[in-house]
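Work through the three exercises below with the coordinates open. Each task is followed by its solution.

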Amino acid sequence: SALYVFPPGFVESSCRSRIFWMKLNKLLLQGKFFQLEIYDPYSGPVLLDEKLASRCGYVLSQDVWGNPVFRASVLGCHVANEADELFSLTVNIKVSSFSSMRAAVTYTYPMYCSYTAWASREIVCEENYMEVSVKTDVPAVSNDYTVEWMSALPETQNVAYQQWQLMFVSPSGRKRITVSDAVKLGYSFNNTLSRVYLRAPYHSNESDISVVSGVNMNMVTSTSMYRQRWLLLLIDTTVSCPVDGISFTDTTLTWTVPRVIPTLVVQESTFLSTNIVMGVDDQVIVNPEEQNYVLEHNETHIRIIIPIGADGGKLESSISGGVYGVLYSIDLFLEHTWTDAAWQTTKFTVIKSITTPFMPRIPTVTNNTVPEERLFNVAFGHFLPDVSLVAIAVGNVPFTLREAQHHGFKIYETPFPNRTKGFILEVSFDDPYVLKEYVNRNETKYTLLVNYTLSVGPEMTPYYHWAEVECVIADIEIPEAVGFCDEGNLYLTLPTFGLHQYWDLYLGNKLLNRHLALANGYLAATNSTHLILQIPLFAGGVIYEEVSFQKIKARFDVVLRKVRTMEILQMFSISCIFNSSAFIICHPDGTIMVSAQMKTVPAIDMGKTTLRDSSCKPREFDESHAFFKFHVNTCGTSVRFEGDHIIYENEISYEKETLPGQSVPVITRDPDYRLTVLCYYQAKETLVLSAFASDPATSPPFGAGRMVPRSNTAAYRRIRQALNVISRVSKDESFMEFYEPHMAILKQPMEPLFLEVELKDQSPSVELYLENCWVARSPDLNSTPRWNITVDGQVVSNVQYIH
C-alpha cells in the first residue's frame, strides 16, 4: 500500500517521562478500520497485537473520549536507543474502509523522545505490563580498579544474550531460567548501555499477590544474573504494581496507592518521599485543587480523589436494565519518587484508566404548571448532553417531535446546573389528549400522561420514561336554580351547562329523568341554556310543610349529585303557599289531610260532617269547606290491596237530623252527603306502620289521594245478631293443623294466611255468608286499623286461601 501524508489533526504525540504517547483523532477514523504496525529497523513492519504489546512494552487503548491511544516504553522492543538518552520509534497507521483492511492507506509516523534524568531504579505500572529498569553502575572497589570493573560490564553491541539468567522467587519456590525461556513465558529482558530492565505480564505463574495497606499488589520477585568468566553480576529486578485500590461513592472516585511498598523498600527506616505528582492523560496537574482534584498522602497511603464529572474525565450516559444512569471515566497517572539507603532513588509510575460502575440517575419530572394559564409546563431531566429526545406519546398517542410540534405541543431543551439539560413540554389543558375528570365541588382534574422516548449515549440506546402529571383547578361553576309558582304549579329553572356531564338531578334517591318526570306528572322543557321543570301542586314528590284550612305551604326539592360518586353538591328548593278549596294529601307517615267542599243543594252544615268514626270531626270548617286531618290507623280507615298498591279508604258523611220525639224517621230537607277518601301507596315501598315491614333507609314515596263522592240512598243500620261463628288460622293450605287461639302469628308482608270460618248454629234459616271480613288489632268490631279479607263478598287479591 502507498504512503500518505497525514490529514491535519489526525495524529498528535508527546513524551511523558519515558513513555511515547500517541493519540489518533476518532472523528477522522469514523466508519473506518485501522491497524498499527511497529516498524522494526531490521525486519520491517510488525503487526501490533495483544501478546506483542504486553511483552514489548506497548499499549493500545482509547482515551475517555473514544480516541485511539498508543503508548510505548522507551525501552520497548523496537525502540532505537542512543546512549540511553535519545529514543525513536516508527509506527505505521493503516486505515481502510473494510474490515479485511484491503485497499488500506498507510501513514508512517516516526516519534522521538529524549530522556536523561534516569533514576537508579525506575518502575512503570502500565495497563498490560509491569516494567523495572535498574542502573548498572558498580561501586568502585578502589580507584585503581574502577576502570576494569566498568569495562567488564556488558554493552548492548557485544554481549551475548544467553549469558544472562533470571531467578524468580515465588510461593511455589525458586526458578532459574534463561532469558530465551523467559521470553516464551511472556517476559522481556534486556540490557542497554547502562541499564538492565525486566518487563513482566500481570498475574504470571511466577507472580504473587500481596496486600499492602489494604491494596492488592501484583509482585514478581526476581534477580537478574550475568556471569562471564570471573565476573558474577546480580541485579535485583523485583517489580510490584497495584491491581486495585479504586473505590467509589455517588459523588467521588478515590484511587489509593501504598506509599511504602515493602518488597521495593528493604530498609524502611531510611525511606524518604521526595516528590509526588499526579496527571490526567499525558499532562501533569501542577495545582490539583484548581480542578477540584485532591492529592493527599500520609504515612501509609497516597490518595487521588476526583469528583464525579470533574474536568479531564468524561461523564457519559448509559442504560442498564432499562434504567438511566451515568458512567464517569478518567485516565490518571501517579509518579512517586523516593530515596532509601539501598536504592538511592526510585521513580515509581502508575498509569490507571478508571471507569466508575453504572450509577443510576433516575430522571425527575417537575411540574412547573401555572394553573391560571391552563397550560401544562413539565420539565424532564437531568440529562447529560449525549441524550436526545426523539419522540413522545401523550395519552398513549405517539408523536414524533415534528408531529408533536404540528399538533400544538411545545417541546424545547433547557439547561440545568452542572452542565446537564432537560426537556420542557407544554400542553394545553384543553388538548383532546389531556384527561379531564370532575372532582370535588367545582374543580376539574386535568391529567397529562406522557411517555418519553430518548436516545442515550454514544450507542444511541433507546430509553423510555413514563410520567403522569396532574393539576386540579376550580374552573366549574355550580349551577344556581331559580324558582317560582303560579296558582297550581311550582317551577324550577336551572342552567343546563355541565348537567349530565358533571352532575345529575335527583328526586330523593331516584334519578330525575324523563321517565320519572312523566310518572310523577312533571313537565320538563329545555332550551339552549336552561331546563324548566313544572311540578303540579299535587304531583308526587311535593312536600307539604304546612296544610291548613284552604291553605297549603308546599315545597319541592331536587338535589344535584356528582355523576359518578352520587355525592350531593347542592339542593334546589322552591316553596310556595297555595289557596286550594278542595284537596286530599296523603303523607308518607300515614297522615291524611282532606279539605272537603260542600256541593249539595240546599247547603249543609259542614261542621257536622264526620269520618267513619263519628268522633272524628273537622279540624276547621266554614259554610262551604271542612278540613280533616287523621292517620290511616284511626277514624275507621280501612285498607285493601290492589295490584302493586295499598289503598286506605275512609268516608266523609253528613248525618241527617230528625225531629225529636218521633219513633219513625221522617224525611228532612237535609240532602245526602257522602265523600269517599282514598289514599294509594306503592305496596313495595309501604308506609311505616306496625303491621308492615319497611326499610328505614329508604324514604317511602308520598301516597296519591282521591276523593270519590257518592250519591246513594239513605242507609239504615242493622242490629247485629250474635251468632256462633268460630274462626281459626291454619298453618298451611291443608287445613289439618291450626294455630292456638290468642297466639301471636308472625307473617312476612305478602305472605299468605290460611283462614277457616265455621258457623256452629244448626238453625236451617241461618247460613254463612262472608260479606265483609277483616283482620284488626283487637276483638272490637270498630277498632282500627283493619285489613280487609273480603269486601262485599269478594275475596281481596292478597288473600291466598280461605276456607
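**Exercise 1: A tyrosine in a strand**

Task: Place Tyr 680 in its strand, then decide: buried or exposed?

Solution. This is a predicted model. Start with the strand: Tyr 680 belongs to E55, residues 673-682. Next, take its relative accessibility, which is 18%. Buried means under 20%. Tyr 680 therefore counts as buried. Finally, check a distant partner in sequence. His 645 is 35 residues away along the chain, yet the C-alpha atoms of His 645 and Tyr 680 are 6.2 Å apart.

**Exercise 2: An open sheet**

Task: Find which strands stand at the edges of the sheet E39-E40-E44-E43.

Solution. Write down the order first: four strands, E39-E40-E44-E43, paired antiparallel in an open sheet. Now look for strands with a single partner. E39 (482-485) and E43 (523-526) each have just one, so one side of each lacks a neighbour in the sheet. From one strand to the next, the twist averages 15 degrees. Then inspect E40 (489-495) against E44 (530-536): seven bridges join this antiparallel pair. Leu 492 has Leu 533 of E44 as its bridge partner.

**Exercise 3: The largest nonpolar core**

Task: Which residues touch the most other members of the largest nonpolar core, and which strand gives the largest share?

Solution. The core holds 86 residues. Ile 306, Phe 376, Ile 392, Leu 448, Tyr 452 and Leu 454 touch the most other members. Strand E27 (323-340) supplies the largest share, seven residues. Domain 2 (123-140 + 160-355) and domain 3 (363-473) each contribute at least three. Now zoom in on Tyr 452. Beyond four places in sequence, its contacts include Val 378, Phe 380, Leu 425 and His 465.

Key:
Residues are numbered from 1 along each chain as its sequence is written. This is a predicted model: local features need pLDDT of at least 70, side-chain atom pairs count only at pLDDT 80 or more; totals for chains, interfaces and linings use all residues. Side-chain values use heavy atoms; hydrogens and water are left out. Two strands pair if DSSP finds at least two bridges between them. Helices (H or I, at least four residues) and strands (E, at least two) are DSSP runs, numbered from the N terminus. Axes are lines fitted to C-alpha atoms, for helices over the stretch in contact, and angles run from 0 to 180 degrees between N-to-C directions. Buried means under 20% relative accessible area, exposed over 50%, partly exposed in between (1.4 Å probe, protein chains only). A nonpolar core is a set of buried Ala, Val, Leu, Ile, Met, Phe, Trp, Tyr and Cys residues joined through side-chain atoms within 4.5 Å. Domain bounds come from an automatic or database domain assignment. Contact means heavy atoms within 4.5 Å.
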